[in-house]
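Dear colleague,

I am passing on the structure we spoke of, and I would be glad if you could look it over alongside the notes below.

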Amino acid sequence: MPTLLLIDDNPSVLKALSILFSLQDYRVLTAEDPEAGLAKLANDEVDLVIQDMNFAADTTSGAEGEALFRSIRARHPDLPVILLTAWTHLDAAVQLVKAGAADYLSKPWDDRRLTASVQNLLELGQVQRELTQRVQADQAQRRALERQFDLRGYVWADPLTERVLNLACQVARADVPVLIRGPNGAGKEGIAAIIQANSAVKTGPMITLNCGALPAELIEAELFGADAGAYTGASKAREGKFEAADGGTLFLDEIGNLPLAGQMKLLRVLETGRFERLGSNRERQVRVRVISATNADLPAMIKRGQFREDLYYRLNLIEIQLPALCERPRDILPLARHFLRADQVLSESAEQALRQYPWPGNVRELKNAITRASLLARDITITAEDLHLPAREPVVASVPRDDLEPDREAIETAIARHSGVIAQAAAELGLSRQALYRRMDRLGIGRAP
Ligand SMILES: Nc1ncnc2c1ncn2[C@@H]1O[C@H](COP(=O)(O)OP(=O)(O)OP(=O)(O)O)[C@@H](O)[C@H]1O
Ligand SMILES: [Mg+2]
């Protein structure tokens, strides 16, 4: 049962309101002056306050009510408050309620409107509390992840990315191959580094081979090494990446580019830890954790006979899907700020442009755009123009803003339909209460007594 605290110096007002709300299953507390009211608030669980604006019999300025309201706000920023005010002080009351979860009604009040306002504000308060709780729970989860694991400075804010990081950290300790899939520039290499840093072999070497950066005929020699004379130009014996990574991690980037012969050998190392250098019969044994990454559609390559199915199932025992940057939009601004110089900031227009751009090149493209803007901007504030993002075709024809906003008639009709309860009228119009108040001010719509 929600608890209401009534603060009014007039005993008959307290009595009338007590009866009204007790009948509706509220618990009601009362206080006859601001001090007693604040004391009750400090000692009891209160869900909503209804307060008068004048307390001493000979004052009508509303100053005491205003001071009380501010004291309540200072102690309980989210507690809903309803101001009961004489018509002459409506202006001051309107200014006050703009500050947050609050409403005002003129005396003498209308029972129906007061009841509706109480219900509205309690619901609003509930939503607000749930939101706060969710934010706090998110932050706690983030701190737990940061405390428990080495995240190598990976920047993120989006829940989708957090899921990826959680999975990467969970699988890091197990000695199984991990395949990281995701589009170009999305941050796959960073995920590989996190897996390595939290693995049982984190003190061992971390060796990277980009299978896309070498001609097919050299990849095998890179991976497995070669004896002198194994191929044209191989004048000396050389160690391959597998040997270099012994006791540590081998990161095979762009695994989709590994030729079929190399794929077969790789499969064998993954199964047995054994391989031979090119041109050699001597079998070598290593212990290597393999992490691979690709932006290729491996299942499609399997269908075309370009990738071995058995290798695929070996590699993707654990598969981590890193979504494109546009699918985890909450990462965009934190990443952008991360790439800026410490003394630089983003203007509002720049933030909006960054959020709206689809980032086909993902984090790499974002990093390049910010680095370029950061170097060329003349001011410490980076604007949308500094970013030089390619323009996009607007998806919908633009509608003049004013046509989207409710006009005087719509607002007055909505307020009348909801007996003057602003929260309900605002909900019907699809506006926040604050936005509706602003619009009313602009159109000079007063509130009926
Ligand atoms: N979450 C992140 N926090 C900080 N830097 C990031 C993050 N994600 C990506 N980067 C940076 O963006 C750039 C591209 O990331 P990365 O090389 O890991 O992408 P990739 O998925 O491996 O791309 P490709 O498929 O082209 O190899 C790198 O400079 C990397 O440091
Ligand atoms: Mg990469």
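What follows goes through an open sheet, then a buried strand, and finally the surroundings of the ligand.

Please keep in mind throughout that this is a predicted model.

To begin with the open sheet, five strands make it up in the order β2-β1-β3-β4-β5, and their pairing is parallel. Its edges are formed by β2 (27-31) and β5 (102-106), each of which pairs on one side only, and from one strand to the next the twist averages 20°. At the β5 edge, the neighbouring strand in that order is β4 (residues 81-85), which runs parallel to β5 and is joined to it by five bridges; within this pairing, V81 stands opposite A102 of β5. Helix α3 (residues 63-75) lies across three strands, namely β1 (3-7), β3 (48-52) and β4, and it runs at about 160° to β3.

A second point concerns strand β11 (residues 289-294), where six of the six residues are buried, so that the strand is largely enclosed by the rest of the structure. For a residue to be called buried here, 20 or more other C-beta atoms must lie within 10 Å of its own. Both faces of β11 are covered, since R289, I291 and A293 on one side are buried, as are V290, S292 and T294 on the other. As for its strand partners, β6 (residues 178-181) pairs with β11 in the parallel sense over four bridges, and V178 stands opposite I291 of β11. Strand β8 (residues 249-253) also runs parallel to β11 and is joined to it by four bridges, with L250 having V290 as its bridge partner in β11.

The last part, which may be of interest for your own work, is the shell around ligand 1. This ligand is surrounded by 18 residues, of which V155, G187, K188, E189 and V363 are the closest. The elements that contribute two or more residues to this shell are the helices α7 (188-197), α13 (332-339) and α15 (362-376). Sorted by class, the shell holds six nonpolar, seven polar and five charged residues. In terms of domains, at least three residues of the shell come from each of domain 2 (159-321) and domain 3 (327-387).

With best regards

Technical notes
Residues numbered from 1 in each chain as written. Chains lettered and ligands numbered in written order. Predicted model: local features only at pLDDT ≥ 70, side-chain atom pairs only at ≥ 80, totals over all residues. Buried ≥ 20, exposed ≤ 12 C-beta atoms within 10 Å, placed from the backbone. Pairing = 2+ DSSP bridges. Near = placed C-beta within 6 Å. Nonpolar A, V, L, I, M, F, W, Y, C, P; charged D, E, K, R; others polar. Domains from an automatic or database assignment. Axes fitted to C-alpha atoms, helices over the stretch in contact; angles between N-to-C directions. Contact = placed C-beta atoms within 7 Å.
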